[in-house]
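Visitor: Before we look at individual places, could you take me through the reasoning behind the labels, setting each value against its cut-off?

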Amino acid sequence: MTNKPASKPTAKPKNPCFSSGPCAKRPGWTAAEALKDALAGRSHRSAEGKKRIVDVVERQRKILGIPADYKMAIVPASDTGAFEMALWSMLGERPVDVFAWENFGEEWLKDITKQLKLKDARTFTAPYGELPDLSQANADHDIVFTWNGTTGGVRVPDGDWIKADRKGLTFCDATSGVFAYDLPWAKLDVTTWSFQKVLGGEAAHGMLVLSPRAVERLVSFKPDRPLPKIFRMTANGKFSEGIFAGETINTPSMLVIEDALDALKWAEGAGGLKGLEKRVEANYKALEGWVAQTPWIEFLPDVPAVRSKTSVCLKITDAAFLGLADDAKQDFIKAMGKLLDKEQAAYDIAGHKAAPAGLRIWCGATVEASDIAALGPWLDWAFAEVKAGLAKAAA
Ligand SMILES: Cc1ncc(COP(=O)(O)O)c(C=O)c1O
C-alpha cells in the first residue's frame with residue numbers, strides 16, 4: 001500500500017455521473033439525438049406506438065437470452081411497480097421465504113410481512129455487506145430476493161442455490177443486476193427491473209418477466225385481497241395476454257420508450273450481454289485497483305464473491321473517520337460529495353441513506369473505465385480535504 005499525495009488532481013472524469021440510479025447515460029448520449037424520432041404526441045395504441053413498445057421488449061429478450069415462452073411486459077411505476085404487482089398478484093398460495101440484506105430487499109420484506117401480512121413468511125436477513133444463508137431456501141416455498149443489493153453492494157453470486165425442480169416460484173428483483181450479469185432464466189420465475197440502471201435509461205416504467213409456471217400461478221390462484229387496475233394481470237380468470245404483447249395497462253411515456261430503444265441499440269453495438277459484462281468488469285477492475293492501493297478505503301463486503309460489480313459500496317477504514325459518531329460520519333461523506341460536486345469531478349458518490357456511512361460508485365456498463373480511473377485521485381483529494389478540516393476543527 002502506498003500513501004498517495006492528496007494534491008488536487010488535474011484530469012477529471014469526462015463524465016462525472018457515478019450515481020447508482022438513475023445511472024449515467026450511454027457514452028455520447030444527447031437528448032436531442034436519442035429522442036429525435038420519439039413518437040411524441042402519438043398514441044401508444046397506434047400501430048407504430050405498439051411496434052416500438054414490442055421492439056423494446058423483444059430487443060431485451062434477445063440481448064438477455066430470455067426464453068421464448070417467458071412473458072414480458074412494460075408496466076407502470078418502475079421496478080417497484082413491477083415487483084409489487086407480482087407480489088400482490090401471486091403471493092399467498094404457499095409459504096414464502098424472503099431474503100433481505102439491504103434497503104430494497106427490506107422494503108419487499110416489509111411489503112410481505114406488514115402490508116400483505118402473509119402468515120407463512122420466513123425471513124432471512126443479513127447486515128449491510130453480507131449475504132443471508134441462501135441454502136435455507138425451501139424449494140416447496142416461494143422465494144423472494146434481490147439479485148444485486150444496490151444499497152449494500154452485495155449480490156447473489158449465482159443461481160445454484162435455487163432448485164431446478166422447485167415447487168414454489170422465485171421472485172427476483174434484478175434491477176441493478178440485469179444487463180451486467182448473465183442471469184439463469186431457468187431459475188427465475190418472476191423477474192423485474194427498470195431501464196434506469198445498467199442501460200442508463202429512464203425510470204417510471206418497469207419490466208416484468210414471467211416464466212410459464214408464474215403464468216400458471218396467475219390463472220390458478222386468486223388472492224383474497226383487492227388488486228388495483230395497475231396490478232391486474234388477469235381478466236375473467238384468464239391471463240391478460242395483451243399486456244404482454246405491447247398493450248400496456250395504461251399510458252406509457254413514449255419518450256421513455258424511445259430512450260430505452262436508444263440504450264438497447266447502443267447495448268447491441270457494444271457486443272450485447274457479453275460486451276456489457278466486459279464493460280462492467282473493466283470498470284470494477286479499475287475501481288478495485290484503486291481500492292487495493294488506497295490505505296483509507298475497503299470494500300464494504302468482505303467476501304469478494306458476493307461483491308456487486310455494478311453498485312460498488314466502499315467503507316472508510318481510516319482511524320480519524322472510524323472515531324466519529326454515526327451522524328458525523330454521514331456529514332463527512334456529505335462533505336466529500338459536496339467538494340466533488342462543486343469541482344464537477346464526481347456526482348452522487350455517497351452511499352444510500354439507509355446504508356452505513358460510506359461511498360458507492362456505480363460501475364455499470366454505461367460508465368467508462370477511464371472515468372473510474374480518473375475518479376480515484378479525486379476521491380483521495382476529497383478525503384484528505386475533509387479529514388484536514390476535521391483536524392483543524394479539533395485544534
Ligand atoms: C435493488 C433495487 N430494487 C428496487 C429499486 C427501485 O427501483 P425503481 O425506483 O426503478 O422502482 C432500486 C432502485 O435503486 C433498486 O436498486
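Guide: A residue counts as buried when its relative accessible area is under 20%, as exposed when that area is over 50%, and as partly exposed in between. The model shown here is predicted, and the values discussed below are computed from it.

Visitor: Why is Arg217 called buried?

Guide: Its relative accessibility is 6%, and the cut-off for buried is under 20%, so Arg217 counts as buried. Arg217 lies in helix α5, residues 212-220, and, leaving aside its neighbours within four places in sequence, it is in contact with Met90, Glu93, Arg94, Asp142 and Leu169.

Visitor: What makes Lys110 partly exposed, as opposed to buried or exposed?

Guide: Partly exposed is the class between the 20% and 50% limits, and Lys110, at 41% relative accessibility, therefore counts as partly exposed. Lys110 has its place in helix α4, residues 103-115, and the C-alpha atoms of Lys110 and Leu39, which are 71 residues apart in sequence, are 39 Å apart in space.

Visitor: Which class, buried or exposed, holds Ser78, and which holds Asn236?

Guide: Ser78 has a relative accessibility of 11% and so counts as buried, whereas Asn236, at 81%, counts as exposed. Ser78 is found in helix α3, residues 78-90, and has a positive phi of about 60° although it is not a glycine. Asn236, which is not a glycine either, has a positive phi of about 50°, and its place is the loop between β10 (234-235) and β11 (238-239).

Visitor: How do you know that the length of helix α2 agrees with its number of residues?

Guide: The expected span is 1.5 Å times one less than the number of residues; for the 18 residues of α2, residues 47-64, this gives 26 Å, and the end C-alpha atoms are 26 Å apart, so the two agree. Helix α2 is followed by Gly65, whose phi is positive, near 70°.

Visitor: Which residues of α2 are buried, and what do they pack against?

Guide: The buried residues in α2 are Gly49, Arg52, Ile53, Val56, Val57, Gln60, Arg61, Ile63 and Leu64. They pack against the strands β1 (71-76), β8 (190-194) and β9 (205-210) and the helices α6 (254-269) and α7 (272-292).

Visitor: How do α2 and α6 pack?

Guide: Their axes are 10 Å apart and make an angle of about 35°, in a left-handed crossing. On the α2 side the contact includes Gly49, Arg52 and Ile53, and on the α6 side it includes Met254, Ile257 and Glu258. By class, this contact has nine nonpolar, two polar and six charged residues.

Visitor: Why are α9 and α10 called oblique to each other?

Guide: Helix α9, residues 326-342, and helix α10, residues 369-394, pack at an angle of about 125°, with their axes 9 Å apart. The roughly perpendicular range runs from 65 to 115 degrees and roughly antiparallel begins over 145, and α9 and α10 are therefore oblique to each other. The crossing in which α9 passes α10 is right-handed. Phe332, Ala335, Met336, Leu339 and Leu340 of α9 take part in the contact, with residues of α10 that include Trp378, Trp381 and Leu390. The residues of this contact divide into twelve nonpolar, no polar and two charged.

Note on methods: Residues are numbered from 1 along each chain as its sequence is written. This is a predicted model: local features need pLDDT of at least 70, side-chain atom pairs count only at pLDDT 80 or more; totals for chains, interfaces and linings use all residues. Side-chain values use heavy atoms; hydrogens and water are left out. Axes are lines fitted to C-alpha atoms, for helices over the stretch in contact, and angles run from 0 to 180 degrees between N-to-C directions. Helices (H or I, at least four residues) and strands (E, at least two) are DSSP runs, numbered from the N terminus. Angles under 35 degrees count as roughly parallel, over 145 as roughly antiparallel, 65 to 115 as roughly perpendicular and the rest as oblique. A crossing is left-handed if the near helix is turned anticlockwise from the far one by less than a right angle, and right-handed if clockwise. Contact means heavy atoms within 4.5 Å. Ala, Val, Leu, Ile, Met, Phe, Trp, Tyr, Cys and Pro count as nonpolar, Asp, Glu, Lys and Arg as charged, and the others, Gly among them, as polar. Buried means under 20% relative accessible area, exposed over 50%, partly exposed in between (1.4 Å probe, protein chains only).
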